[in-house]
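Me: I'd like a close look at one part of this predicted model: the salt bridges and what surrounds them. Keep it informal, but give me the cut-offs as you go.

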Amino acid sequence: MHPYPLKGSKGASLPPRPTLVFLIALFGLYVCYLSFNQIRMESKHGEENGAQEPNEHVCANPYVPSEELPYVHFPQPKGYSRAECSCNPVRFFVIVSMQRSGSGWFETLLNSHPNISSNGEIFNRVDRRQNISSIVQTLDKLYDLDWLTSAAKNECTAAFGFKWMLNQGFMDHHDDILSYLNKKGVSVIFLFRRNTLRRLISVLANNYDRDAKQLNGTHKSHVHSEEEAEILAKFKPELDVSTLVSNIRDVEKYMGDCLDSFNTTRRMILYYEDIIRNRNALFQVQEFLGVPVRKLVSRQVKIHTRPLPDLVRNWEDVNSRLNGTEYARFLDGADYVK
């Protein structure tokens with residue numbers, strides 16, 4: 001007999017030792033299998049994320065009113081990275097105007113804003129507007145922000161566009177262009193001149209200087225000093241009074257047809273005289289483009305600011321021809337004065 005007898009255990013007896021060892025080993029293998037699968041899945045997931053990481057950048061959704069969503073874009077240019085501004089929304093725009101309507105001055109005002117880039121008359125080159133295909137190709141490149149000019153602020157641009165004159169293919173393909181602008185979400189600023197008589201005087205004077213080159217043998221459509229403006233303003237064109245009324249009527253019809261053809265765009269109709277007389281006009285433009293409102297400045301100096309009788313050689317004939325017509329309102333030039 002054992003000197004220290006053991007008390008018998010109560011309840012179910014333990015399984016035999018070999019069976020117990022086998023069960024423990026089997027459980028260990030199962031744990032190892034689960035751990036291995038987990039490690040493999042995490043490794044694969046990490047590789048996939050690593051492969052996508054350079055091309056994927058998650059941006060917090062900025063608050064944009066629902067009606068403006070079609071006009072807010074996040075372009076990814078091929079030529080450079082928008083870097084820390086890649087999450088900043090960009091609004092596309094186009095300035096539609098006519099020569100000698102203040103569009104050059106207006107564009108310099110916009111470009112004085114740190115977040116606006118307006119890139120000039122890109123369709124003054126005929127090869128870019130030969131047909132609708134070349135027009136669309138040019139527009140796509142511009143609105144991808146791969147259009148590099150001195151006006152392009154690139155990374156942190158919040159409003160990006162250009163200037164398009166009516167006689168640069170804009171009205172020749174108006175249906176296709178309208179469809180493109182609406183599909184692309186481009187806002188349109190129509191900039192015209194109410195006093196089309198003053199515009200005509202400016203056109204004739206600019207055409208004269210194109211040949212005369214009064215500024216040291218150089219033609220300048222826009223100037224940056226009072227001295228240069230004074231030299232150019234000395235020339236007084238002579239207007240053909242026999243075609244004057246019909247010319248003014250044709251210009252106004254051209255502007256009206258344009259506005260009618262593009263009446264389904266998101267648009268703003270602006271007049272040169274409004275910018276001069278209404279200090280809030282430029283604030284409204286900035287709000288339309290969705291950029292912070294600030295004071296805009298330009299170095300350009302206006303050329304033809306004198307009263308109309310001092311700008312035309314045959315003023316008496318012009319005055320006599322327009323008096324009594326619907327265009328007599330242009331004679332006093334009051335809509336130009338601040």
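Reply: A salt bridge here means a side-chain nitrogen of Lys or Arg within 4 Å of a carboxyl oxygen of Asp or Glu. The model is predicted, so local features need pLDDT of at least 70 and side-chain atom pairs count only at pLDDT 80 or more, while totals for chains, interfaces and linings use all residues. Residues are numbered from 1 along each chain as its sequence is written, and side-chain values use heavy atoms, with hydrogens and water left out.

By that rule there are twelve salt bridges. Let's start with K163 and E107, whose closest N and O atoms sit 3.9 Å apart. This pair ties together distant parts of the chain: K163 belongs to strand β3 (residues 159-165) and E107 to helix α2 (residues 103-111), 56 residues apart. (Helices, H or I with at least four residues, and strands, E with at least two, are DSSP runs numbered from the N terminus.) Both K163 and E107 are buried; that means under 20% relative accessible area, with exposed over 50% and partly exposed in between (1.4 Å probe, protein chains only). E121 comes into the picture too, since E107, E121 and K163 are linked in a network of salt bridges.

Next up is R194 with D274, an N-to-O contact of 2.7 Å that also counts as a salt bridge. Here again distant parts of the chain are linked: R194 lies in the loop between β4 (186-192) and α6 (196-212), D274 lies in helix α9 (residues 272-277), and 80 residues separate them. R194 counts as partly exposed because its relative accessible area is 37%.

The pair K220 and E228 makes another salt bridge, at 2.8 Å from N to O. K220 has a relative accessible area of 31%, which means that K220 is partly exposed as well.

K220 also leads to the empty space. On a 1 Å grid over the protein atoms alone, a cavity is a set of points where a 1.4 Å probe fits but cannot get out; a pocket is an open set with protein on both sides within 12 Å along at least five of seven lines; lining residues have an atom within 4 Å of a point. K220 helps line the largest cavity, together with R100, S202, A205, N206, D209, Q214, L232, I303 and H304. The helix that gives the most to this cavity lining is α6, with four residues.

Now for the largest pocket. Its lining runs to 36 residues, and R100, S101, G102, S202 and H222 lie nearest its centre. So R100 and S202 appear in the lining of the largest cavity and also among the pocket residues nearest the centre. Helix α6 gives the most here too, with eight residues in the pocket lining. Each of α2, β3, α4 (166-170) and α6 supplies at least two residues of that lining, and α2 and β3 are the elements that hold E107 and K163.

What about the sheet that β3 sits in? It is an open sheet of five strands in the order β2-β3-β1-β4-β5, with parallel pairing. At the edges are β2 (116-118) and β5 (267-271), each pairing on one side only. Strands pair if DSSP finds at least two bridges between them. On one side of β3, three bridges join it in parallel to β2, and S117 has F160 of β3 as its bridge partner. On the other side, seven bridges hold β3 and β1 together, also parallel; F93 is partnered with G161 in β3.

Strand β1 in turn runs parallel to β4, joined to it by five bridges, and V94 stands opposite V188 in β4. All of β1 is tucked away: seven of the seven residues of β1 (residues 91-97) are buried, so β1 is largely enclosed by the rest of the structure. Both faces are covered, with R91, F93, I95 and S97 buried on one side and F92, V94 and V96 buried on the other.

One last stop is V318, in helix α11 (residues 315-322). V318 counts as buried because its relative accessibility is 1%. Although V318 and L197 are 121 residues apart in sequence, their C-alpha atoms are 9.9 Å apart in space.
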